[in-house]
Amino acid sequence: MNGPFQTAHELTAITPTLPVEFEVLAPPPLLLPGERLDQYHALRQAIFDDLAPRSAIEWLHAVDIAELSWEIQRYRLLRHRLLVTYRQKAIEAALRTIDLVGIAPGFEDEADYYTRQNALSWRLDPLATTQIEERLASYGFDQHSINTEVYVQAREIFLLFEGLLNTAQARRLLLIREIKKKRFLV
């Protein structure tokens with residue numbers, strides 16, 4: 001993918017596109033809400049361009065590599081969104097350690113409700129975000145301690161995403177090696 005810049009005319013002259021007889025190897029992608037077909041096709045085309053498949057098996061591998069690459073991007077995005085979601089829970093946990101100290105037993109549920117509301121305000125309201133982060137900092141909760149709490153709370157599902165990423169990356173690498181091995185044998 002690193003190389004001299006090519007014009008659009010030069011690219012269309014050498015760009016491999018999936019031959020009609022191999023279209024059966026590439027069924028329509030199964031996209032999730034928010035994913036864009038044009039981005040999927042751009043990624044797939046970049047992989048086709050880079051691999052330049054020459055046979056049906058290579059095209060099959062190229063399609064699979066494109067699918068795995070899309071999955072990897074998806075997993076990374078979902079993992080990031082997961083961490084953002086758990087950040088609110090980490091803020092809530094930090095607020096709970098500050099706000100619920102010394103609360104009379106009869107008022108714990110109500111105080112817990114307001115702590116959850118404050119954490120939601122932290123996520124949605126920039127002014128509340130600043131105020132809450134300043135208050136937390138005054139009690140020794142810096143961004144590193146919040147990040148630590150995020151990872152502690154999200155550890156199980158985070159490990160799930162890490163496993164999915166590692167598996168998809170290993171499968172993709174294996175397919176790329178198969179293409180290279182086949183080409184060197186020929």
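This briefing describes how several helices pack against one another and what lines one of the pockets. The structure is a predicted model, and residue numbers below refer to positions along the sequence as written. Helix 3, which spans residues 56–99, takes part in a contact with helix 5, residues 126–138, and also packs with helix 6, residues 143–185; helix 3 further supplies the largest share of the lining of the second largest pocket.

**Helix 3 with helix 6**

- The axes of helix 3 and helix 6 lie 8 Å apart, and the two helices pack at an angle of about 175 degrees.
- Angles over 145 degrees count as roughly antiparallel, and helix 3 and helix 6 are therefore roughly antiparallel to each other.
- Sorted by residue class, the contact between helix 3 and helix 6 holds 26 nonpolar, 6 polar and 13 charged residues.

**Helix 3 with helix 5**

- The axes of helix 3 and helix 5 come within 11 Å and cross at roughly 55 degrees, an arrangement in which the two helices are therefore oblique to each other.
- The crossing of helix 3 and helix 5 is left-handed.
- On the helix 3 side the residues in contact are I91, A94, L95, I98 and D99, and these meet I132, R135 and L136 of helix 5.
- By class, this contact of helix 3 with helix 5 comprises 6 nonpolar and 2 charged residues, with no polar residues.

**Helix 4 with helix 5**

- Helix 4, residues 108–124, packs with helix 5 at an angle of about 120 degrees, and their axes are 6 Å apart.
- Helix 4 and helix 5 are therefore oblique to each other, and their crossing is left-handed.
- From helix 4 the contact draws on N118, S121, W122 and L124, while helix 5 contributes P126, A128, T129, I132 and E133.
- The classes in the contact of helix 4 with helix 5 are 5 nonpolar, 3 polar and 1 charged.
- I132 of helix 5 appears in the contact with helix 3 and also in the contact with helix 4.

**The second largest pocket**

- The second largest pocket has a volume of about 230 Å³.
- The residues that line the second largest pocket are L32, P33, G34, E35, R36, Q39, W70, Q73, R74, L77, L78 and R81, and helix 3 provides 6 residues of this lining, the largest share.
- By class, the lining of the second largest pocket consists of 5 nonpolar, 3 polar and 4 charged residues, with E35, R36, R74 and R81 being the charged residues among those listed.

Technical notes. This is a predicted model: local features need pLDDT of at least 70, side-chain atom pairs count only at pLDDT 80 or more; totals for chains, interfaces and linings use all residues. Side-chain values use heavy atoms; hydrogens and water are left out. Axes are lines fitted to C-alpha atoms, for helices over the stretch in contact, and angles run from 0 to 180 degrees between N-to-C directions. Helices (H or I, at least four residues) and strands (E, at least two) are DSSP runs, numbered from the N terminus. Angles under 35 degrees count as roughly parallel, over 145 as roughly antiparallel, 65 to 115 as roughly perpendicular and the rest as oblique. A crossing is left-handed if the near helix is turned anticlockwise from the far one by less than a right angle, and right-handed if clockwise. Contact means heavy atoms within 4.5 Å. On a 1 Å grid over the protein atoms alone, a cavity is a set of points where a 1.4 Å probe fits but cannot get out, and a pocket is an open set with protein on both sides within 12 Å along at least five of seven lines; lining residues have an atom within 4 Å of a point. Grid points are joined across faces, edges and corners, and a volume is the space filled by probe spheres set on the points.
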